[in-house]
Amino acid sequence: MNTIQDALEQAVAAGLPGIVAEVRDGGRSWFGTAGVADRATGRARTQEEQFHIGSLTKAFTATVVFKLVDEHRLRLDDTVEHWLPGLVQGNGNNGRLITVRHLLQQTSGLVNYAFDDPDMMNRYISTDYLKHRFDQWTPEELVRIGMKYPPYYAPGTAFRYSNANYMLLGLIIERASGSTYAEELSRLLFRPLGLTGTYLPGTETIIAGPHSRMYTKLPAGDPDAQVYDVTELNSSLGWAAGGIVSSTGDLGRFFAALLGGELFSPALQAEMWATVSTEGAGWIPDTRYGMGTFEQTLPNGVTVFGGGGALNGSWTYVMGTRDGKRLVVCNVNGDWVNPLDAFFAVLEAEFPAAGK
């Protein structure tokens, strides 16, 4: 049976620059690495590194929403129109029919401005990304790009992944709390859980702490494309859908608390992990979506729980047991070899099928 270290070495042999993995299992902890943090110097990756976590941000956003529900600041069945009047409208989009629950579960039907608008796609998968990675966006601007298109379907009828959902949740957090999204992250999660390496960059383009370089090939999908260092970027494109910077240790602490039911009432914990089918949506196979989180059946048949996130040059996965007592956090600093293959190999080494 392959060990996790074997899986890390295989990921680098397949072409990824560097990879790290941290395991939490009750009183046992383990950290491993392979490859490099910096292709120019050969510097190794380390446990202290911070990195962009992409859509793992959605788990933090969803948790803040649930904390505000616990504080009776908002309800899961509130409509988007109630909190953000006039923002979701036109071309068949109707904020009166979309609830906070729909946004959380990715069942609103709203178009994903990041993937389904041709101009936006070109900005971030072609060499144009080299200049557009510093663009500054407001959440409202990004949502309005999606409003140019009719919805995929009527709210609540199917799953379709869309960053617009979590941009709207970030704005609702601000309206319901009277504070900024960043302030609520800090008040409700970062400070209470001691997540000292986790933050929302805002307009900063440089990661604050120790970090690896982030590498991407452009145009995306071309195996012969040139490799670019894209470590510096403006994360406003992601914001409440994908803007957070974190570390393996902090992600392990957060997901252990989230899965372990430490963050809100049992009733809301059940809501958080109630999942919907992603079948037919062109998403990750054998996966059911929760609320900023998902459950997934690995190729070996074992089911794990957590989330994942990606942006140019940084892919991250956190998966564990349903009670959060056993977790694996993994990050790669390149994106031209399918990182999911590396993540699944690491997870299957930690969560082998029965009898293996």
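## Strand 14 and its neighbours

In this predicted model, strand 14 spans residues 326-332, and six of its seven residues are buried, so the strand is largely enclosed by the rest of the structure. Strand 1 (residues 18-25) runs antiparallel to strand 14 and is joined to it by seven bridges. Within this pairing, Val20 lies opposite Asn331 of strand 14.

Strand 13 also pairs with strand 14 in the antiparallel sense, over six bridges. Here Trp315 has Val332 of strand 14 as its bridge partner. The two strands, 13 and 14, form a hairpin with five residues between them, and Gly324 in the turn adopts a positive phi of about 75°.

## The open sheet

These strands belong to an open sheet of eight strands, ordered 2-1-14-13-12-11-10-9 with antiparallel pairing. Its edges are strand 2 (28-35) and strand 9 (276-277), each of which pairs on one side only.

Strand 13 (residues 314-320) is further paired with strand 12 (residues 303-311), antiparallel and over seven bridges. Trp315 of strand 13 stands opposite Ala310.

## Packing of helices 2 and 10

Helix 2 (residues 57-70) packs against helix 10 (residues 181-193) at an angle of about 80°, and the axes are 10 Å apart. The two helices are therefore roughly perpendicular to each other. Helix 2 contributes Thr57, Phe60, Thr61, Thr63, Val64, Lys67 and Leu68 to the contact, while helix 10 contributes Tyr181, Glu184, Leu185, Arg187, Leu188, Leu189 and Phe190. Classified by residue type, the contact of helix 2 with helix 10 comprises eight nonpolar, three polar and three charged residues.

Notes: Residues are numbered from 1 along each chain as its sequence is written. This is a predicted model: local features need pLDDT of at least 70, side-chain atom pairs count only at pLDDT 80 or more; totals for chains, interfaces and linings use all residues. Side-chain values use heavy atoms; hydrogens and water are left out. Two strands pair if DSSP finds at least two bridges between them. Helices (H or I, at least four residues) and strands (E, at least two) are DSSP runs, numbered from the N terminus. Axes are lines fitted to C-alpha atoms, for helices over the stretch in contact, and angles run from 0 to 180 degrees between N-to-C directions. Angles under 35 degrees count as roughly parallel, over 145 as roughly antiparallel, 65 to 115 as roughly perpendicular and the rest as oblique. Contact means heavy atoms within 4.5 Å. Ala, Val, Leu, Ile, Met, Phe, Trp, Tyr, Cys and Pro count as nonpolar, Asp, Glu, Lys and Arg as charged, and the others, Gly among them, as polar. Buried means under 20% relative accessible area, exposed over 50%, partly exposed in between (1.4 Å probe, protein chains only).
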